[in-house]
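Thanks for making the time this morning. I would like to walk you through one structure, starting with how its strands pair and then turning to two of its helix contacts.

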Amino acid sequence: MNLSTRRTRKQEFLAQMERVVPWTALVELIAPYYPEGKNGRPPFALETMLRVHFMQQWFSLSESAMEEAFFDTPLLREFAQLDAHGRLPDESTILRFRHRLERHKLADQLLATVNDLLEQRGLLLRAGTAVDATLIAAPRSTKNKAKERDPEMHSSQKGKQWYFGMKAHIGVDADSGLVHTVRGTSGNVADVTEGNSLLHGAETDVYGDAGYQGSHKRADAKEGVTWHVALRPGKRKALDKENNPIDALTDLLEKVLAGIRAKVEHPFRVLKRQVGYEKVRYRGLKKNTLQLKTLFALSNLWMLRHTLMATQG
């Protein structure tokens, strides 16, 4: 076997993303907010900076680490469409691009643009939504300039263990598992508090675990929406499946609904296993929530990469 022709996992991944990311649509989205370069040094091409930004998300790279990676890894320069012997984006340039996206809240529009394109292809439906939340850890250390933890992060208990950080709340298409809504809160915010804010408004059925008990009774509950919420573990355990036909049917329904709710776990798996995002990168909820929206937009494309590539021939 000729080893020189073997593609690494990173090469294969970037080759797939090259094909499935809607570069033209996203560049058109950001273009009105990107400098024309009439003064000072000519800016890097917008698509180049967008590719750099996405590589930061995929490979969990800070601005300084991204700059260094261009010197170490020719593959990343090639994907960013950079001349191997030309000027390379430095840490400040990469940081300014991220700040520009944050300032204009383009992560929200990026997620919406990706989902609109997927919906046009019939890959994102609107009949049902599954909701869930996951804890994202934040640094506990006070060894920083402010000598304190991030005041917007809080502790919460899951089982018998305590966690410090934020929560990522998501609403996903109950059929495909694609994320359509993202909310970021402190770690101590109850799941049920954000439940109704995760709906896009066109669904008729919503699926959630036991943490969403009572969502349909809250002040922000949507009309015409039926909530299918799991029984609390204690109540389900108390079902007499052998002697009570109604209890047996209830348990069977719980299993069916659990299969639908499981769709919401797929984006979290991509986020934490494929991308390796297990700890917040920035201080404050706003910046971290915007990053989460970008990550979930990219996770939608990754989960459907084979389908998208098949339609391209």
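Before I name any partners, one term has to be settled: two strands count as paired here if DSSP finds at least two bridges between them. Please also keep in mind throughout that what you see is a predicted model.

Let me begin with strand 1, residues 128-137, and its neighbours. Strand 1 and strand 3, which covers residues 161-173, run antiparallel to each other and are joined over 9 bridges; within that pairing, Ala133 has His169 of strand 3 as its bridge partner. Strand 1 also pairs with strand 5, this time in the parallel sense and over 3 bridges, and here Ala130 is matched with Tyr207 of strand 5. How enclosed is strand 1 by the rest of the structure? Of its 10 residues, 8 are buried, so strand 1 is largely enclosed by the rest of the structure.

From strand 5, residues 205-208, we can step on to strand 6, since these two pair in the parallel sense over 4 bridges, with Val206 standing opposite Trp227 of strand 6. That same Trp227 lies, together with Val229, on the covered face of strand 6, residues 226-229, whereas Thr226 and His228 make up the uncovered face.

Now to the helices, where I have two contacts to show you. Helix 7, residues 106-120, packs against helix 12, residues 285-303, at an angle of about 20°, and their axes are 8 Å apart. Because angles under 35 degrees count as roughly parallel, helix 7 and helix 12 are described as roughly parallel to each other, and helix 7 passes helix 12 in a left-handed crossing. The residues making this contact include Leu110, Leu111 and Val114 from helix 7, and Leu290, Phe296 and Ala297 from helix 12. Sorted by class, the contact of helix 7 with helix 12 has 9 nonpolar, 3 polar and 2 charged residues.

The second contact is between helix 3, residues 46-59, and helix 4, residues 63-72, whose axes are 10 Å apart and meet at an angle of about 110°. That value falls in the range of 65 to 115 degrees, and the two helices are therefore roughly perpendicular to each other. On the helix 3 side the contact involves Val52, Met55 and Gln56, which meet Glu63, Met66 and Phe70 of helix 4; by class, this contact has 4 nonpolar, 1 polar and 1 charged residues.

Technical notes
Residues are numbered from 1 along each chain as its sequence is written. This is a predicted model: local features need pLDDT of at least 70, side-chain atom pairs count only at pLDDT 80 or more; totals for chains, interfaces and linings use all residues. Side-chain values use heavy atoms; hydrogens and water are left out. Buried means under 20% relative accessible area, exposed over 50%, partly exposed in between (1.4 Å probe, protein chains only). Axes are lines fitted to C-alpha atoms, for helices over the stretch in contact, and angles run from 0 to 180 degrees between N-to-C directions. Angles under 35 degrees count as roughly parallel, over 145 as roughly antiparallel, 65 to 115 as roughly perpendicular and the rest as oblique. A crossing is left-handed if the near helix is turned anticlockwise from the far one by less than a right angle, and right-handed if clockwise. Contact means heavy atoms within 4.5 Å. Ala, Val, Leu, Ile, Met, Phe, Trp, Tyr, Cys and Pro count as nonpolar, Asp, Glu, Lys and Arg as charged, and the others, Gly among them, as polar.
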